[in-house]
Each structure stands twice: as structure tokens, then as C-alpha cells.
Amino acid sequence: MSASVVIPTLNAERFIGALLERLLSQTVKFNEIVVIDSESTDKTVEIAKSFAGVTVLNVERRNFNHGGTRDTAIQKTTGDIILCLTQDALPVDENYAANLIAPFADDEKIAMSSGRQIARDDAPVTEKLNREFNYPEHVFVRSKEDLPRLGVKTFFSSDCCSAYRRTAYNAIGGFDKDILVNEDMKIAAQFIFAGYKIAYVGTAGVYHSHNYSLKQQFTRNFDVAAFMKMNGDLFANVSAASEGMKMVKWILLRLVKRGRLIAAGYYVLECATKLLANKLGARYKKLSKKTRIRFALNKNYWKTHE
């Protein structure tokens with residue numbers, strides 16, 4: 001199977017060179033690597049263009065959309081499998097792509113695979129534990145039959161490090177072209193309900209983590225909750241709370257056992273912030289447009305949508 005890569009960028013000067021070097025050293029040789037840039041003001045485009053085999057596309061920042069922009073880049077690729085990465089994800093080794101792609105050869109019903117995220121060394125301890133809980137080292141496949149057991153985690157995936165079978169992507173119409181956030185989760189749900197399967201590949205890892213402030217946690221979770229509400233046809237009857245509570249208890253227990261009581265206290269504050277954001281995001285229709293924009297991470301989306 002042939003493969004292509006898509007990477008959206010915005011002011012990625014710190015990351016893009018190392019990412020492209022790691023991709024070009026993979027045991028899999030790509031048909032093309034497409035960087036789609038949203039009017040970066042640093043050297044992102046200059047660095048990307050310096051690599052042979054890398055195509056750079058441009059999109060106006062105000063027109064960036066998590067689904068539509070990625071789809072624009074995908075339409076410029078030719079591989080049977082399309083790998084998606086974010087600009088700040090770095091494959092751990094040269095076998096990343098080969099491992100991520102492997103499940104597609106094993107089962108033609110697998111439409112999507114996603115890899116393991118490993119927190120960077122400078123990540124907060126809570127972020128490291130979050131990654132440890134959500135991204136184990138093993139490999140498993142999910143299907144519609146797993147919904148009663150896994151609930152919303154059946155759709156758990158991330159375009160930080162994912163891959164798509166082109167035929168399946170096209171069969172369901174690709175990404176939602178006008179989406180607030182979570183284009184990866186939505187297409188994963190569409191695959192599952194259409195009878196496809198999703199693979200998680202713990203042997204395909206990237207270094208990737210965030211150090212979000214409480215404000216960033218709030219705005220991110222406001223958008224995610226609004227997204228879930230907007231797509232109630234997919235998620236209304238799928239359980240989400242139990243898995244979230246399981247993770248919270250797991251992380252808190254480890255923080256307390258390690259004597260990280262200040263970190264545990266801050267984590268409780270983080271969870272309370274997320275809970276408030278989730279409640280407000282789920283009620284976004286009752287909020288004014290001005291308030292939605294103030295609470296949101298993706299402000300451009302809310303400025304152009306009622």
C-alpha cells in the first residue's frame with residue numbers, strides 16, 4: 001500500500017524541521033508530504049519548502065477549518081493510506097509509519113488507525129499521567145460491537161497521529177468540511193456506525209503533549225462540549241461519563257501515592273474547570289454569540305456561525 005502525509009501548520013518553526021526530517025527517515029517512503037499552512041508569520045513555510053518531496057499549500061487563517069483544511073490537503077495526495085499529523089507531534093522512531101499502517105493490511109474493514117502519544121519531558125506530571133492512561137503500548141481494534149462496553153471511547157482517536165484508508169474515507173464523504181473541533185472523533189464515529197473498524201496502534205508512537213493553562217483548558221472543553229451537542233445524532237446515546245471518572249480517579253490515586261499533593265489539588269481544579277466548560281458548552285444555544293466567542297478556543301468558527 002502506498003502512503004501520503006498531511007500536516008496543517010501555523011507558526012510551526014520550532015517543530016516542522018524535526019518533524020519532516022523524521023518523516024523522511026521512515027522505513028515507509030511516502031508518495032508525497034503535504035504541508036498546508038495558515039498564513040504563518042515565522043519561517044514555517046521557508047523551512048518546509050527546503051525539504052525535497054514536500055509540497056506546501058496555503059490557506060487564509062480566517063478560513064482554516066479542522067475538517068475542511070485537512071480535506072483540502074488530502075485531495076492533493078495520491079496514497080492508498082493518508083497519514084495525518086499535527087505540527088508538534090514527533091514520531092519516536094523510523095518505524096512509526098510502518099507500524100501505524102500495518103493493521104490496514106490485516107483487515108480490509110479497518111478504515112482508520114491512530115497511534116500512541118507520549119508526553120514530552122517538559123510536560124506537567126498530570127499531562128504525563130493523562131497520556132499514560134489514554135495511550136497504552138498494546139494494539140487493539142474497535143468496532144460497533146464495542147459500544148456497550150467502551151461507550152464514547154470506541155471513537156477515541158486523534159489526528160495528532162492517525163491514518164486513513166482512502167477508499168473508506170471517500171465512502172463516507174471524508175471529514176466534515178465545516179466543523180468546530182474533533183474532526184477525528186466525528187469521522188471515527190461515522191466509520192463505526194457504517195460498519196468499519198478503528199485500530200489503535202500502541203507500537204506507533206509520537207512525542208506530543210500540552211501545558212495548557214486553566215483558561216486554555218476551559219476554552220478547549222467548551223468547544224468540545226458544544227461539538228458533542230451539535231452532533232447529538234452520533235453521540236446522544238453513547239456513554240461518556242464513566243470513562244472520564246475512571247481516568248480522574250486513576251490519576252488522582254497516582255498523584256497521592258507519589259506524594260504530589262499540590263499537583264493533585266491543581267488537578268482537581270483542572271477537572272472542575274473542565275466540568276464547568278462542559279456544562280456551558282452543552283448549553284451553547286442559550287448563550288449569546290458574544291459569550292460563545294469569549295468562552296471558545298476556536299473563535300473564528302463562532303464568529304461566522306450562529
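**Entry 1: Glu 39 and its surroundings**

I began with Glu 39 and listed its contacts beyond the neighbours within four places in sequence, which gave me Leu 10, Val 59, Glu 60 and Arg 61. I note at the outset that I am working from a predicted model. Glu 39 sits in the loop between strand S2 (33–37) and helix H2 (44–49), and I read its phi as near 60°, a positive value in a residue other than glycine. I looked up its accessibility as well and recorded a relative accessible area of 43%, so Glu 39 counts as partly exposed. For Arg 62, which is 23 residues from Glu 39 in sequence, I noted a C-alpha to C-alpha separation of 9.3 Å.

**Entry 2: Asn 11**

I then turned to Asn 11, where phi is near 50°, again a positive value in a residue that is not glycine. I placed Asn 11 in the loop between strand S1 (3–9) and helix H1 (16–24). Is Asn 11 buried or exposed? I wrote down partly exposed, because its relative accessibility is 33%, and the partly exposed class runs between the 20% and 50% limits.

**Entry 3: Gly 68 and Glu 183**

I found Gly 68 in helix H3 (residues 68–74) and entered it as buried, because its relative accessible area is 14% and the cut-off for buried is under 20%. Setting aside the neighbours within four places in sequence, I recorded contacts of Gly 68 with Asp 176 and Lys 177. I also checked Gly 68 against Thr 27, and these two are 41 residues apart in sequence and 30 Å apart in space, C-alpha to C-alpha.

Glu 183 belongs to helix H8 (residues 183–193), and I noted that this charged residue is buried, with a relative accessible area of 4%. Which residues does Glu 183 touch, not counting those up to four places away in sequence? I listed His 66, Gly 67, Arg 70, Asp 159 and Phe 175. The C-alpha atoms of Glu 183 and Ser 158 are 8.8 Å apart, with their positions 25 residues apart in sequence.

**Entry 4: Gly 151**

I located Gly 151 in the loop between H6 and strand S8 (161–165), and I classed this glycine as buried because its relative accessibility is 5%. When I compared Gly 151 with Val 238, I found their C-alpha atoms separated by 5.3 Å, although the two residues are 87 apart along the chain.

**Entry 5: the second largest pocket**

I looked up the second largest pocket and noted a volume of about 370 Å³. Its lining has 19 residues, and those closest to the centre of the pocket are Phe 140, Leu 150, Lys 153, Glu 243 and Lys 246. I traced the lining back to the elements and found that helix H5 (125–134), strand S7 (139–142), helix H6 (147–150) and helix H11 (241–257) each supply at least two residues. Which element gives the most to this lining? I recorded H6, with 4 residues. Sorted by class, the lining of this pocket has 9 nonpolar, 5 polar and 5 charged residues.

**Entry 6: helices H9 and H12**

I finished with helix H9 (residues 214–230) and helix H12 (residues 261–282), whose axes come within 7 Å and cross at roughly 35°. I noted the crossing of H9 and H12 as right-handed. On the H9 side, the contact is made by Leu 214, Gln 217, Phe 218, Asn 221, Phe 222, Ala 225, Ala 226 and Lys 229. On the H12 side, I listed residues including Tyr 266, Leu 269, Glu 270, Thr 273, Lys 274 and Leu 276. By class, I entered 11 nonpolar, 5 polar and 3 charged residues for the contact of H9 with H12.

Terms used:
Residues numbered from 1 in each chain as written. Predicted model: local features only at pLDDT ≥ 70, side-chain atom pairs only at ≥ 80, totals over all residues. Heavy atoms only, no water. Buried < 20%, exposed > 50% of the residue type's maximum accessible area, 1.4 Å probe, protein only. Axes fitted to C-alpha atoms, helices over the stretch in contact; angles between N-to-C directions. Left-handed = near helix turned anticlockwise from the far one by under 90°. Contact = heavy atoms within 4.5 Å. 1 Å grid on protein atoms, 1.4 Å probe; cavity = no way out; pocket = protein on both sides within 12 Å on 5 of 7 lines; lining within 4 Å. Points joined across faces, edges and corners; volume = space filled by probe spheres on them.
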